[in-house]
Amino acid sequence: MTSPVLARVEAYVFRAPIAEPVRTSFGTMTERAAVFVRAEDSDGARGWGEVWCNFPNAGAEYRARLLADIVAPRALGRSLDDPVALWAEIDRALHVLRIQSGDAGGFSAAAAGLDLAIHDLRARKRGLPLWRALGGRDDGPVPVYASGINPGQAASDTVERSRAAGYRAFKLKIGFGEETDLASLRPVAARLREGERLMVDANQAWNLATACRLAPRLAAFNLGWIEEPLMADRPPAEWTQVAAVAPAPLAVGENLRGAGQFQTTVDSGVFGILQPDVAKWGGHSGCLPVARAALAAGRTYCPHYLGGAIGLLHSLHLLAAVRGPGMLEVDANANPLREGLLGDLLTVHNGCVSLPGGQGLGLEPDLKPLASLRSLHIERHA
């Protein structure tokens with residue numbers, strides 16, 4: 001009897017306007033975009049993934065075409081018995097195209113989105129929730145934190161709204177200048193309640209001198225971590241200097257690609273928090289070993305994620321599979337491409353969410369209500 005093969009891959013691109021822009025130190029998002037991936041095998045089983053396209057989201061359609069025209073043809077007609085081996089083969093084949101095009105990120109994210117969909121498909125066929133198919137054993141609630149919190153008065157307002165929604169941990173965007181950053185942090189930190197946690201994300205805004213000057217000024221806020229105070233490609237010596245003066249662990253990972261980069265980061269001992277993004281590089285095939293390596297080395301694994309519903313659920317399942325002290329990142333900003341699919345599936349209770357029931361992701365996405373937001377749909381067949 002022959003094994004079923006990957007028979008069809010679909011990419012759906014959606015764009016949703018938002019009333020309040022999402023601000024970061026490197027740019028502003030005035031709409032939300034998502035690339036959702038549907039994979040189907042020759043038995044008719046299906047699974048869902050998502051391709052990272054958070055910023056600049058003008059590239060969403062381009063990444064969907066990379067998936068359809070470059071990545072999918074390398075998987076269509078292939079057995080899905082070993083998704084890790086398939087992803088590794090595709091990843092190796094894409095290496096020359098990353099060099100030729102100068103676009104390592106686009107190819108990596110397209111391959112990651114397909115890998116996520118294949119893992120979901122296989123978990124559904126096995127009759128297992130995805131977290132268990134990935135090796136998890138604990139079905140208890142997963143801690144979460146509210147992320148992407150804009151600077152200024154909006155920070156206090158968003159934290160209050162997130163607290164009322166059940167969150168007990170919050171991450172503020174900084175990197176907008178010392179005065180703005182401290183003005184955002186002071187009122188939030190002053191109103192923290194017992195057991196609540198506060199983190200910051202500079203989004204690579206500082207050079208070495210600025211990071212070494214400003215990081216010590218954050219000591220008063222008792223932070224859980226300081227995320228990306230330097231650009232992710234700065235040399236190890238600079239990170240070591242910042243870690244020496246930082247009053248909290250350093251967090252990185254969303255802008256790393258490749259098992260080698262992650263292992264070097266884990267082994268350095270400089271970083272307390274590792275944050276790979278399953279929709280940006282590696283999918284489950286690449287990020288599951290990274291998460292396990294981080295935990296084995298005594299680091300904390302916290303998946304990075306700030307996109308649509310499907311990638312968020314994949315991040316949840318991977319964290320549930322490996323556990324540790326990490327928290328799930330949940331965007332505190334409005335996103336119809338998240339709320340419009342999830343509904344109340346991930347309702348927060350006392351800082352945690354329960355794992356979805358059912359097989360695979362625990363969600364069969366209904367894209368029909370989002371039809372007016374769809375900008376592209378592509379299908380490829382074996």
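**Close-up views of a predicted model**

**View 1. A64 counts as buried, at 0% relative accessibility.** This residue of the predicted model sits in helix 1, which spans residues 60-71. Setting aside neighbours within four places in sequence, A64 is in contact with A11, V13 and V35, and also with L376 and I378. For a sense of scale, take A64 and S268: they are 204 residues apart in sequence, and their C-alpha atoms are 35 Å apart in space.

**View 2. V142 of strand 4 is another buried residue.** The strand covers residues 142-149, and V142 has a relative accessible area of 1%. What does V142 touch, once its neighbours within four places in sequence are left aside? Its contacts include L316, L319, A320 and R323, along with L328. Further along the chain, G351, C352, V353 and L355 are in contact with V142 too. A117 is 25 residues away from V142 along the chain, and the two C-alpha atoms are separated by 22 Å.

**View 3. L312 is a buried residue of helix 11.** Helix 11 runs over residues 309-322, and the relative accessible area of L312 comes to 3%. Not counting residues up to four places away in sequence, L312 touches Y305, L328, E329, V330, R338, L342 and L346. L328 is therefore a contact of L312 as well as of V142 in the previous view. Between L312 and T240 there are 31 Å, C-alpha to C-alpha, and the pair is 72 residues apart in sequence.

**View 4. Helix 2 packs against helix 3 in a right-handed crossing.** Helix 2 takes in residues 83-101 and helix 3 takes in residues 104-126; their axes come within 9 Å and cross at roughly 165°. With that angle, helix 2 is roughly antiparallel to helix 3. On the helix 2 side, the residues that meet helix 3 are P83, V84, L86, W87, I90, L94, L97, R98 and S101. Helix 3 answers with A104, F107, S108, A111, D115, I118, H119 and R122. How many of the residues in this contact are nonpolar, polar and charged? The split is eleven nonpolar, three polar and three charged.

**View 5. Helix 3 also packs against helix 10, at an angle of about 90°.** Helix 10 is made up of residues 283-296, and the two axes are 6 Å apart. That angle makes helix 3 roughly perpendicular to helix 10. A112, D115, L116 and H119 of helix 3 make the contact with G283, H284 and S285 of helix 10. The residues here divide into two nonpolar, four polar and one charged. D115 and H119 appear in this contact and in the one with helix 2.

**View 6. A search of the whole structure turns up zero disulfides.** C53 is in no disulfide, and its nearest cysteine sulfur, in C287, is 17 Å away. Is C53 buried or exposed? C53 is buried, at 5% relative accessible area. Now for C352, which was among the contacts of V142. Why is there no bond from C352 to C302? C302 holds the closest cysteine sulfur, but the distance from the sulfur of C352 is 13 Å, too far for a bond. C352 counts as partly exposed, with 23% relative accessibility.

Methods:
Residues are numbered from 1 along each chain as its sequence is written. This is a predicted model: local features need pLDDT of at least 70, side-chain atom pairs count only at pLDDT 80 or more; totals for chains, interfaces and linings use all residues. Side-chain values use heavy atoms; hydrogens and water are left out. Axes are lines fitted to C-alpha atoms, for helices over the stretch in contact, and angles run from 0 to 180 degrees between N-to-C directions. Helices (H or I, at least four residues) and strands (E, at least two) are DSSP runs, numbered from the N terminus. Angles under 35 degrees count as roughly parallel, over 145 as roughly antiparallel, 65 to 115 as roughly perpendicular and the rest as oblique. A crossing is left-handed if the near helix is turned anticlockwise from the far one by less than a right angle, and right-handed if clockwise. Contact means heavy atoms within 4.5 Å. Ala, Val, Leu, Ile, Met, Phe, Trp, Tyr, Cys and Pro count as nonpolar, Asp, Glu, Lys and Arg as charged, and the others, Gly among them, as polar. A disulfide is a pair of cysteine sulfur atoms within 2.5 Å. Buried means under 20% relative accessible area, exposed over 50%, partly exposed in between (1.4 Å probe, protein chains only).
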